[in-house]
2 protein chains.
Amino acid sequence: MKLATLNDGTRDGKLVVVSKDLTRYCAADNIAPTLQAALDNWAEVAPKLEVLATDVEHEAVPCERFHEREAHSPLPRAYQWADGSAYINHVELVRKARDAEVPDSFYHDPLMYQGGSDNFLAPRDDIPLGDTAWGCDMEGEVAVITDDVPMGASVEDAAGHIKLIMLVNDVSLRGLIPGELAKGFGFFQSKPSSAFSPVCVTPDELGDAWNDSLIHLPLMVDYNGEPFGRAEVGVDATFNMAQLVAHAAKTRPLGAGTIIGSGTISNKGEDGGPGKPVSEGGRGYSCIAEIRMIETIYDGEAKTRFMAPGDTVRVEMRDKDNHSIFGAIEQTVVQA
Amino acid sequence: MKLATLNDGTRDGKLVVVSKDLTRYCAADNIAPTLQAALDNWAEVAPKLEVLATDVEHEAVPCERFHEREAHSPLPRAYQWADGSAYINHVELVRKARDAEVPDSFYHDPLMYQGGSDNFLAPRDDIPLGDTAWGCDMEGEVAVITDDVPMGASVEDAAGHIKLIMLVNDVSLRGLIPGELAKGFGFFQSKPSSAFSPVCVTPDELGDAWNDSLIHLPLMVDYNGEPFGRAEVGVDATFNMAQLVAHAAKTRPLGAGTIIGSGTISNKGEDGGPGKPVSEGGRGYSCIAEIRMIETIYDGEAKTRFMAPGDTVRVEMRDKDNHSIFGAIEQTVVQA
């Protein structure tokens, strides 16, 4: 089934079930008022939502027209947002651009940071930027939402706790990252509010495209109206989403509604080297930092600038029949 | 006023107003069902809670006996928990123990990490530990809860957004920290669930002891039943709580119910060097790591081991009349 949260003026919005083709919705607030409430009691609530989803599909219940622009992020605020960096190709490029080695541990111990989850942007919200020098970037990613995950859950168990899947634009302030990482405490100011896709879906909704806790489809990232990234999510993933969930749960349980992100989707080129831009027949990039690293490796300096007020980003994923699965994140950078 | 959240079997508990002497409470759920709900609408709700608090003080409403052991952390789960490291003396000791310099920036740019907030421990909950080799430690701290803080708030404005104050035991797994910090993404597995004091209080409740966004009283940390730390919270703070809130809000707004922590309270010795143990007339330490660093500096190696199953920690603060302000965090480490 497909779920969304409509912006009804409240902090947590209103839970609705959306038709597979994203054209209609039916309010689900008689089953659970919010998506968090549904996740808090998922085993009992999900079957009721599935019945409603079937009715929506068959037009057996009165539906309203679904407009993606009226959707909040599925969880407008969450109790946890932890973002991995599962595509080590991205890290390899960062390191290569500054002539540094990738530690061997990065290939078996996932990178993950705790993100701010108190105030997500809606999928069509502007990205407020205080200073262009902060180096605003998008990061196109996949994220999963879990129910309660016990401390020490195995990877296999973790896979079963993945209840919903969505897309993310993990907004990053590249200019603030080096200073923060040098302090040793990780990202904070460099990771402002992120935005999620208008719709989240249960894994079964992806059919064969969900396999081994990865989506086997390309992530479509457009920048200023042009195709910028078409990276295959199922390719070059050093870790799958279940491994990331298990990593997060090693020393403590995860509360229902925990969101775990994949990190920037990043593919190698066909020759195993850096990937080519979409305009040159490559799979492109899911963030600006990556093309800047490739420019640095090849040309000695980065030419593509980071985002400034007026720049737009669009993140979407389509199934094999070219239908949008999650709706589109569409954001414009504005001066804060 | 003093507020607490009783464990009623729900995830977010039940909001109650507690008498100043912590002996009685009156349910506030007819005003706001949970503390988060109160914070979501603080300007409207707080005055109603204040009226109830006055009635509780005058025994003008029916009250029940308040037992600290029945309290959850004031926010059993929160949308944000960001912990600073405002007592640079602690960082100076860490660095001194490994012969490293403290960067000058640490004195004007706060250290802060994003913590997990989906699953706090209750103040009397056991601390589940998977492996003694993880190096379990307590960190006695002060934390504040804010309402909505706009992006870019000044320090002065940030001070006005501090609505509630409480104590924290920020459980830390020292054995996992070096590996995580080396990866560059900050703490994650090394910071499992923290516990907060049974009661949180409005700043006015502290009277003169709340000045310049700091509490001017000692934090009492007992380890295995013996006084371990009596550090003065108002002394040696490189940053106050308003500066930490403003730091957190630099690039994004903070949602209502954001918890910001001070970091381990840490005082220098009277001679400006490392502080002495309480048993030697000093102010002691708010975490085991600190005494281990001092042992390393003086003796070349740390002798005090980290916590193991059966070890207990107690964190409390008393006013000038020796009355407990927030109730006590009392936890025992257990094998997970």
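How many salt bridges are there between chain B and chain A? The count is 10, and this tour of a predicted model works towards them by way of the single chain and the surface it presents to its partner.

**Start with chain A alone.** Select chain A and colour it by secondary structure, and you will find seven helices and 20 strands. The radius of gyration of this chain is 19 Å, close to the 20 Å that the globule rule gives for 336 residues, so chain A is as compact as a globular protein of that length. If you orient the view along the principal axes, the C-alpha atoms of chain A fill a box of roughly 60 × 45 × 35 Å.

**Bring in chain B.** With both chains shown, a turn of 180° and a shift of 0.0 Å along the axis lay chain B on chain A with an RMSD of 0.0 Å, which is the relation of a two-fold axis. To find where that axis runs, select B:Gly186, since of the residues of chain B this glycine comes closest to the rotation axis, its C-alpha lying at 1.9 Å.

**Select the contact.** Next, select the residues at which the chains touch: 52 residues from chain B and 52 residues from chain A take part. Of the interface residues of chain B, 100% are also interface residues in chain A, so the copies meet through the same surface. Between them the two chains bury about 4700 Å², 55% of it on carbon and sulfur atoms. Show B:Tyr79, B:Phe185 and B:Phe188 as sticks, because these residues of chain B lose the most area to chain A, together accounting for 21% of what that side buries.

**Turn to the polar side of the contact.** Select B:Arg77 together with A:Asp40, which form a salt bridge whose closest N and O atoms are 2.8 Å apart. Beyond the count of 10 salt bridges, there are 25 residue pairs in polar contact between chain B and chain A, with both residues at pLDDT 80 or more.

**Finish with the elements behind the surface.** On chain B, select α1 (35-40), β6 (112-115), β7 (127-129), α5 (177-183) and α6 (241-248), each of which supplies at least two residues of the side that touches chain A. The largest share, four residues, comes from β6(B). Colouring that whole side of chain B by residue type divides it into 24 nonpolar, 17 polar and 11 charged residues.

Notes: Residues numbered from 1 in each chain as written. Chains lettered and ligands numbered in written order. Predicted model: local features only at pLDDT ≥ 70, side-chain atom pairs only at ≥ 80, totals over all residues. Heavy atoms only, no water. Contact = heavy atoms within 4.5 Å. Buried area = accessible area lost by both parts, 1.4 Å probe. Salt bridge = Lys/Arg side-chain N within 4 Å of Asp/Glu carboxyl O. Polar contact = N/O pair within 3.5 Å; in protein donor to acceptor, adjacent residues only side chain to side chain. Nonpolar A, V, L, I, M, F, W, Y, C, P; charged D, E, K, R; others polar. Least-squares fit on C-alpha atoms with pLDDT ≥ 70 in both. Rg over C-alpha atoms; globule rule 2.2 N^0.38 Å.
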